[in-house]
Amino acid sequence: MTRVCLIGTDDCTLQYELLSRETAREALTTYDLRRPFENTIALRTVSVGAAVSLLNDLDWYLTRFVDAALVQDPSVSEDEWLSRELATELRNGAIEPDETAEFCKIYGVERVEPTGASASEQAQADESGTEMTETAERTATTEAAESAKAAETAVTTDETSSPHRQPQTRRLVEPLYVRRTDDTLPEYDLRDVDSTLVVRLTEAEHSP
């Protein structure tokens with residue numbers, strides 16, 4: 001299965017912005033939505049082509065609320081992601097999978113302890129385990145803001161936690177732009193982090 005991850009901009013709450021709008025909510029309603037990192041939405045689809053088509057359908061919202069749209073396909077890499085632009089080139093046959101690895105950016109991944117309202121919302125999302133499709137049906141007759149709030153609780157996290165404690169979340173931090181040489185990537189050195197996430201880029205994205 002191909003994975004898609006949307007990273008929200010710093011000045012918005014991505015779940016609210018997407019799920020409070022009918023067109024975006026309907027485009028996402030058939031997927032099991034996840035929140036692997038703070039202010040992200042992730043899902044699985046059948047192929048790179050399907051992932052690119054979904055991103056094209058959401059383009060109006062991606063332009064306004066998304067900092068980066070990522071695609072991961074096991075036929076390319078089990079661990080590394082593709083930028084939307086690189087995934088599009090791959091879908092269009094403009095590049096082969098083994099030609100995608102040279103230009104990259106590496107996100108740092110930090111673990112953070114949510115506090116206050118965000119911790120409560122995260123715990124509620126973990127506890128509910130409700131499918132997005134059920135939420136969409138339940139909120140169809142409510143006001144847009146109310147439907148967004150209800151839909152947010154249906155986005156489950158990739159972290160398993162007890163309802164009796166505040167769960168940890170993970171946050172993506174400033175990316176380091178690198179170039180792979182001899183099949184080796186430089187180490188992420190912008191700050192101390194728990195792990196990293198590698199995104200393959202087009203040459204134009206690497207050197208705009």
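Select L176 first: apart from neighbours within four places in sequence, L176 is in contact with C104, K105, I106, E187, Y188, D189 and L190. The model on display is a predicted one. L176 belongs to strand β8, and because its relative accessibility is 16%, L176 counts as buried. Add Y107 to the selection and draw the C-alpha to C-alpha distance: L176 and Y107 are 69 residues apart in sequence but 6.5 Å apart in space.

**The whole chain**

Next, display the full protein as a cartoon. Its secondary structure comes to nine helices and nine strands. Of the 208 residues in the protein, 49% are buried. Where contacts join residues at least 6 apart in sequence, 77% of them link residues at least 24 apart.

**The loop after β8**

Follow the chain out of β8 (169–179) towards β9 (195–200), and select D183 in the loop between these two strands. What is the phi of D183 near? It is near 60°, a positive value in a residue other than glycine. Most residues other than glycine have a negative phi. D183 has a relative accessible area of 72% and is therefore exposed, the cut-off being over 50%.

Now select D182, which is found in the loop between β8 and β9. D182 counts as exposed, at 73% relative accessibility. To place D182 against a distant part of the chain, add E102: the two residues are 80 apart along the chain, and their C-alpha atoms are separated by 9.6 Å.

**A second positive phi**

Move to N39, in the loop between β2 (34–35) and β3. N39 is not a glycine, yet its phi is positive, at about 55°. Is N39 buried, partly exposed or exposed? Its relative accessible area is 24%, so N39 is partly exposed.

**L6 and the cores**

N39 leads to L6, since N39 is among the contacts of L6. Select L6 and display its surroundings. Leaving aside neighbours within four places in sequence, L6 is in contact with L14, L18, N39, T40, I41, L55, L58, L62, V66, A68 and A69.

Which residues touch the most other members of the largest nonpolar core? They are L6, L18 and L58, in a core of 30 residues. To see where its members come from, colour these elements: β1 (2–8), α1 (14–19), α2 (22–28), β3 (40–45), α3, α4 (59–65), β4 (66–72) and α5, each of which supplies at least two residues. Helix α3 gives the most to this core, with five residues. There is also a second, separate core of 14 residues, and I7, A68, L70 and W81 are included in it.

**Helices α3 and α5**

Select helix α3 (residues 48–57) together with helix α5 (residues 84–91). The two pack at an angle of about 130°, with their axes 9 Å apart. That angle makes α3 oblique to α5. The crossing of α3 and α5 is left-handed.

Show the side chains at the contact. On α3, select V48, G49, V52, S53, L55 and N56; on α5, select R84, A87, T88, L90 and R91. How do the residues of this contact divide into nonpolar, polar and charged? Five are nonpolar, four are polar and two are charged.

**The turn from α1 to α2**

Go back along the chain to L19, in helix α1. L19 has 0% relative accessibility and so counts as buried. Add T29, which is 10 residues from L19 in sequence and 9.2 Å from L19 in space, C-alpha to C-alpha.

The last stop is R21, in the loop between α1 and α2. R21 has a relative accessible area of 27% and is partly exposed. Select W60, Y61 and F65 as well: leaving aside neighbours within four places in sequence, R21 is in contact with these residues. Of the contacts of R21, Y61 offers a distance to draw: R21 and Y61 are 40 residues apart along the chain, and 9.4 Å separates their C-alpha atoms.

Note on methods: Residues are numbered from 1 along each chain as its sequence is written. This is a predicted model: local features need pLDDT of at least 70, side-chain atom pairs count only at pLDDT 80 or more; totals for chains, interfaces and linings use all residues. Side-chain values use heavy atoms; hydrogens and water are left out. Axes are lines fitted to C-alpha atoms, for helices over the stretch in contact, and angles run from 0 to 180 degrees between N-to-C directions. Helices (H or I, at least four residues) and strands (E, at least two) are DSSP runs, numbered from the N terminus. Angles under 35 degrees count as roughly parallel, over 145 as roughly antiparallel, 65 to 115 as roughly perpendicular and the rest as oblique. A crossing is left-handed if the near helix is turned anticlockwise from the far one by less than a right angle, and right-handed if clockwise. Contact means heavy atoms within 4.5 Å. Ala, Val, Leu, Ile, Met, Phe, Trp, Tyr, Cys and Pro count as nonpolar, Asp, Glu, Lys and Arg as charged, and the others, Gly among them, as polar. A nonpolar core is a set of buried Ala, Val, Leu, Ile, Met, Phe, Trp, Tyr and Cys residues joined through side-chain atoms within 4.5 Å. Buried means under 20% relative accessible area, exposed over 50%, partly exposed in between (1.4 Å probe, protein chains only).
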